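The following exercises concern the reading of strand pairing, residue exposure and model confidence from a structure. Each task is followed by a solution in steps.

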Amino acid sequence: MEYKASLDLLAKAITAGVIILLSVIGYQNVNALMDSNGESSILLIHGFGLLFIVLVLGITFIFSPQKYSLTNDSFIIHRIAGDVKIKLNEILEVRLLTKDEMNKTIRTFGVGGLFGYFGKFYNSKLGHQHFYASKRENRTLILLKNDKKIIVTPDELNLADAINSKIIRS
């Protein structure tokens with residue numbers, strides 16, 4: 001079964017704002033390159049500026065969660081850069097998180113709004129977590145037997161129940 005991972009309003013706004021900002025900067029870089037008359041320092045600076053813009057947008061997009069799916073033996077987080085596959089027999093617990101459990105969560109190495117919320121995060125209640133989220137609601141904790149904590153945010157709230165029912169049967 002597939003579960004959607006649509007962006008929330010804040011992630012949409014951040015994504016749109018960053019794309020607009022980087023487009024304006026990119027446009028200025030292109031104009032500067034066209035007016036450079038072959039001057040190498042201008043070519044290098046503005047060429048690297050354009051490369052940086054493409055890399056930021058490209059890398060964040062390919063690592064963002066696109067959707068989730070549940071098979072008979074795995075839970076899969078679909079990303080363009082490659083799926084994250086979690087075997088059901090590796091899962092200890094799956095449950096929805098409360099707002100209180102997510103208070104004061106900080107991003108330690110990840111993305112906080114551009115195409116979603118993904119990467120490594122931390123808070124004092126749950127410790128280190130790996131986010132593969134597209135929104136700030138419907139946060140679902142997948143606790144693995146090796147104590148790794150994965151946070152996903154499917155559009156449908158029944159994902160935790162669906163995984164738990166498959167874990168119990170296997």
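**Exercise 1. The four-stranded sheet**

In which sense do S1 and strand S2 (residues 67-70) pair, and over how many bridges?

Solution. The model is a predicted one.

Step 1. S1 and S2 pair in the antiparallel sense, and three bridges join them. Within this pairing, Tyr-3 stands opposite Tyr-68 in S2.

Step 2. Moving on from S2, one finds that S2 and S3 also pair in the antiparallel sense, over four bridges. Tyr-68 has Ile-77 as its bridge partner in S3. Three residues lie between S2 and S3, and the two strands form a hairpin.

Step 3. Strand S3 (residues 74-78) in turn pairs with S4 over four bridges, in the antiparallel sense. Here Ile-77 stands opposite Val-84 in S4.

Step 4. Joining these pairings gives an open sheet of four strands with the order S1-S2-S3-S4 and antiparallel pairing. Its edge strands are strand S1 (2-4) and strand S4 (84-87), each of which pairs on one side only. From one strand to the next, the twist averages 15 degrees.

**Exercise 2. The six-stranded sheet**

State the strand order of the open sheet of six strands, and explain why one side of S5 and of S6 is left without a neighbour in the sheet.

Solution.

Step 1. The order is S5-S9-S10-S8-S7-S6, and the pairing is mixed.

Step 2. Strand S5 (91-96) and strand S6 (106-113) stand at the edges; each has a single partner strand, so one side of each has no neighbour in the sheet. The twist in this sheet averages 20 degrees from one strand to the next.

Step 3. As an example of a pairing inside the order, strand S9 (residues 140-144) and S10 run antiparallel and are joined by four bridges. Ile-142 stands opposite Ile-150 in S10.

**Exercise 3. Exposure of nonpolar residues**

Classify Phe-48, Leu-55 and Leu-21 as buried, partly exposed or exposed.

Solution.

Step 1. The cut-offs are needed: a residue is buried under 20% relative accessible area, exposed over 50%, and partly exposed in between.

Step 2. Phe-48 lies in helix H2 (residues 40-63). Its relative accessibility is 56%, and therefore Phe-48 counts as exposed.

Step 3. Leu-55 is also placed in helix H2. Because its relative accessible area is 43%, Leu-55 is partly exposed. From Leu-55 to Val-152 the distance is 25 Å, C-alpha to C-alpha, with the two residues 97 apart in sequence.

Step 4. Leu-21 belongs to helix H1 (residues 9-34). With a relative accessible area of 51%, Leu-21 is exposed. Leu-21 and His-128 are 107 residues apart in sequence, and their C-alpha atoms are 32 Å apart in space.

Step 5. Phe-48 and Leu-55 are among the residues that make a nonpolar surface patch of about 570 Å². The patch also includes Leu-44, Leu-51, Ile-59 and Phe-63.

**Exercise 4. Confidence of the prediction**

Which elements of the chain have the lowest and the highest mean pLDDT?

Solution.

Step 1. For the chain, the mean pLDDT is 95, and 99% of its residues reach 70 or more.

Step 2. Among the elements, helix H4 (residues 159-169) has the lowest mean pLDDT, 86. The highest, 98, belongs to strand S10 (residues 149-152).

Terms used. Residues numbered from 1 in each chain as written. Predicted model: local features only at pLDDT ≥ 70, side-chain atom pairs only at ≥ 80, totals over all residues. Heavy atoms only, no water. Patch = residues over 30% accessible without salt bridge, like charges linked within 9 Å, V, L, I, M, F, W, Y side chains within 5 Å. Areas by Shrake-Rupley, 256 points an atom, 1.4 Å probe, with all protein chains shown as cover. Salt bridge = Lys/Arg side-chain N within 4 Å of Asp/Glu carboxyl O. Buried < 20%, exposed > 50% of the residue type's maximum accessible area, 1.4 Å probe, protein only. Pairing = 2+ DSSP bridges. Axes fitted to C-alpha atoms, helices over the stretch in contact; angles between N-to-C directions. pLDDT = per-residue confidence, 0-100.
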